[in-house]
Amino acid sequence: MNIEEMQARQKHIRNFSIVAHIDHGKSTISDRILEATHTVTEREMQDQLLDTMDLERERGITIKMNAVEVHYHAKDGENYIFHLVDTPGHVDFSYEVSRSLAAADGAILVVDAAQGVEAQTLANVYLAIENDLEILPVINKIDLPAADPEAVRTEIEDVIGIDASDAVLASAKKGVGIPELLEKIVTDVPAPQGDLDAPLQALIFDSAYDSYRGVILTVRVMSGVLRPGEKIKFMNSGAEYEVTEVGVNSPMPIKRELLMAGDIGYVAASIKNIRDARPGDTLTHVKQPAMEPLPGYQPMTPMVYSGLYPTDNAKYNDLRDALEKLQLNDASLEFEPETSQALGFGFRTGFLGLLHMDVIQERLEREFDLDLITTAPSVTYHAYTTDGEMVEVANPSELPEVSEIKYIEEPFVLAQIMVPNDYVGAVMELAQSKRGEFDTMDYLDENRVNVKYYMPLSEIIFDFFDKLKSNTRGYASLDYELSGYRQSELVKIDILLNNEKVDALSFIVHRDFAQERSRVITKKLKEIIPRRNFEIPVQAAVGSKIVARSTIKAYRKDVTSRIHTGDPDRRAKLLDKQKRGKKRMKAVGTVEVPQEAFMAVLKSDEE
Ligand SMILES: Nc1nc2c(ncn2[C@@H]2O[C@H](COP(=O)(O)OP(=O)(O)OP(=O)(O)O)[C@@H](O)[C@H]2O)c(=O)[nH]1
């Protein structure tokens with residue numbers, strides 16, 4: 001391709017992302033775009049094609065963003081190249097959203113015609129506006145009986161403050177509005193700028209480890225041209241490699257002769273060292289390098305931490321390797337080694353939320369074949385000691401002795417809850433019971449309000465979201481951002497099994513809730529921990545004072561003898577069940593503690 005051809009091609013590129021509240025239909029719209037542009041044949045088409053992880057398909061959610069090249073023959077007779085970046089909608093994955101937005105020039109904003117603007121609609125569209133993206137509103141699911149596109153149009157204008165007079169009315173399910181949307185992408189999303197003659201600057205916005213080809217980078221080229229065979233340099237890490245292959249995903253990888261300014265594609269360079277290739281870094285040429293790297297990304301602060309331990313201690317190094325590989329694919333993941341008396345060697349790992357934690361744990365187990373014990377999630381507390389120091393405590397068992405603590409601070413968030421009028425009372429009652437402090441309440445329209453509360457992050461993690469959903473019959477949506485640290489009356493609860501303190505079960509809680517949660521957890525542990533042939537006391541203690549207690553009774557009968565009799569099928573099943581159960585157990589002293597026990601802290605009484 002010569003320079004004129006490249007310039008002409010650049011004018012025909014459209015890079016856009018799709019943002020929405022969870023379940024408003026982003027992935028379905030992406031699928032329809034792939035279909036309408038014949039990027040995939042009907043035979044290849046499966047629902048939610050871009051959700052490539054098994055986990056995403058099973059749960060019906062998008063976890064990772066995906067960048068795909070699509071070719072579109074427009075009404076003006078020209079052929080256009082679309083780079084579509086699908087993004088997740090859940091609050092835990094907003095980091096992925098902001099990374100993909102930095103690579104795009106426009107954003108399709110999908111709003112459900114029956115539900116209207118929800119908490120993450122706002123959060124995500126503001127990220128797009130901050131990135132100076134052209135916003136194309138799409139009102140989706142107009143086929144639903146409860147759809148009210150006109151009301152939603154007004155809401156988009158009033159609440160978000162963007163023009164929605166020519167919003168596309170769509171039903172991704174039925175394919176309605178898709179041709180119109182494709183034309184609008186051509187006319188409304190600006191073609192990428194970016195000097196083809198300038199030194200190479202390519203923003204790495206995602207990467208993944210491939211055991212044959214090494215690290216595969218997903219990049220947005222901002223300036224210059226990149227070809228196989230060229231020597232490249234990572235501007236922040238300083239590492240140098242030779243490019244072996246460039247290409248695009250469409251959605252299967254297709255090799256290309258080059259990637260040029262404006263392109264979104266992949267780069268392979270036999271990169272074996274994972275640490276060399278972090279998302280947010282800038283690629284340039286070794287010869288004629290760019291003057292400086294692109295701004296990259298703000299580092300993400302994890303919201304919660306938990307301990308990850310292999311059930312088999314010999315798998316410690318495997319777990320570290322797996323975490324390093326996952327980190328490539330998920331820059332928001334943080335970990336460092338820690339040890340527990342009860343669990344041995346493992347890692348304190350930082351997550352953006354509980355869903356994120358769940359997903360990482362499941363990916364480690366499936367993709368890397370590991371069996372793990374995960375300890376209960378905890379926020380990071382700030383303990384101010386009597387000798388004037390501040391200790392960051394992400395692992396409750398590491399809280400300094402009470403006598404050494406002057407005071408403790410915990411993270412608070414500003415929570416935004418959108419809810420129909422009828423449930424405002426229920427929301428306020430709930431927020432207050434979780435130590436929330438009222439901030440503001442604004443009307444979204446005559447039927448819905450946006451209530452804001454300052455809340456302790458630990459309460460949000462505990463059960464706030466579940467309670468919010470059940471107390472509002474699923475109508476409330478929630479978004480939150482860290483607002484800072486506040487002093488609170490907090491205490492550490494230790495759990496003793498058979499009179500032995502189990503460090504991995506300690507948790508920190510507000511003094512007012514200490515008694516109740518101690519009672520609940522001792523009761524839950526009694527149900528979860530398997531009986532032995534001796535009695536096991538389960539105690540909760542604040543310092544040396546026992547505040548709650550239950551007892552796991554001893555069993556008499558030898559249940560395993562049943563396995564040796566009966567029909568072989570049943571016996572095999574029983575053995576298998578036992579084996580699977582065993583995997584996720586950890587012997588703590590004389591007591592076998594199953595994985596579930598470590599999460600018992602998260603349970604409230606009714607469950
Ligand atoms: N009735 C109707 N249902 C739709 C339409 N578009 C999507 N859906 C359904 O809405 C649900 C959510 O759609 P998705 O495309 O997975 O939503 P998403 O926004 O990508 O969700 P996440 O990936 O989890 O953020 C699915 O059950 C879809 O089948 C539509 O136009 N009409």
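Which helix lies across strand 7 and strand 8, and at about what angle does it run to strand 7? That's helix 8 (residues 316-329), running at about 145° to strand 7. Angles here run from 0 to 180 degrees between N-to-C directions, with axes fitted as lines to C-alpha atoms, for helices over the stretch in contact. Helices (H or I, at least four residues) and strands (E, at least two) are DSSP runs numbered from the N terminus.

A quick word on the model: it's predicted, so local features need pLDDT of at least 70, side-chain atom pairs count only at pLDDT 80 or more, and totals for chains, interfaces and linings use all residues. Residues are numbered from 1 along each chain as its sequence is written.

**The sheet**

Strands 7 and 8 belong to an open sheet of eight strands, in the order 11-10-16-7-8-15-12-13, with antiparallel pairing. Strand 11 (240-242) and strand 13 (253-256) sit at the edges with a single partner strand each, so one side of each has no neighbour in the sheet. From one strand to the next, the twist averages 40°. Two strands pair if DSSP finds at least two bridges between them; strand 7 (residues 201-210) and strand 8 (residues 214-223) are joined by nine. Take L203: its bridge partner in strand 8 is R220.

**The annotated site**

An unreviewed UniProt entry lists a "binding site" that includes G25, S27, N140 and K141. UniProt positions follow the numbering used here, feature names are shortened, and annotations may be inferred rather than shown by experiment. Two of the listed residues compare like this (buried means 20 or more other C-beta atoms within 10 Å of a residue's own, exposed 12 or fewer, partly exposed in between, with C-beta atoms placed from the backbone):

| Residue | Location | C-beta neighbours inside 10 Å | Status |
|---|---|---|---|
| G25 | loop between strand 1 (13-20) and helix 2 (26-36) | 24 C-beta neighbours | buried |
| S27 | helix 2 | 27 C-beta neighbours | buried |

Leaving aside neighbours within four places in sequence, G25 is in contact (C-beta atoms, placed from the backbone, within 7 Å) with A20, V110, D112, N140, K141 and A172.

**Helix 2 meets helix 7**

Helix 2 and helix 7 pack with their axes 10 Å apart, at an angle of about 85°. That makes them roughly perpendicular (65 to 115 degrees; under 35 is roughly parallel, over 145 roughly antiparallel, the rest oblique). R32, I33 and A36 of helix 2 make the contact with I178, P179 and L182 of helix 7.

The buried residues of helix 7 (residues 178-188) are L181, L182 and I185. They fall within an arc of 100° seen down the helix axis, so they line one face; the arc is that of the directions from the axis to the C-beta atoms.

Technical notes: Contact = placed C-beta atoms within 7 Å.
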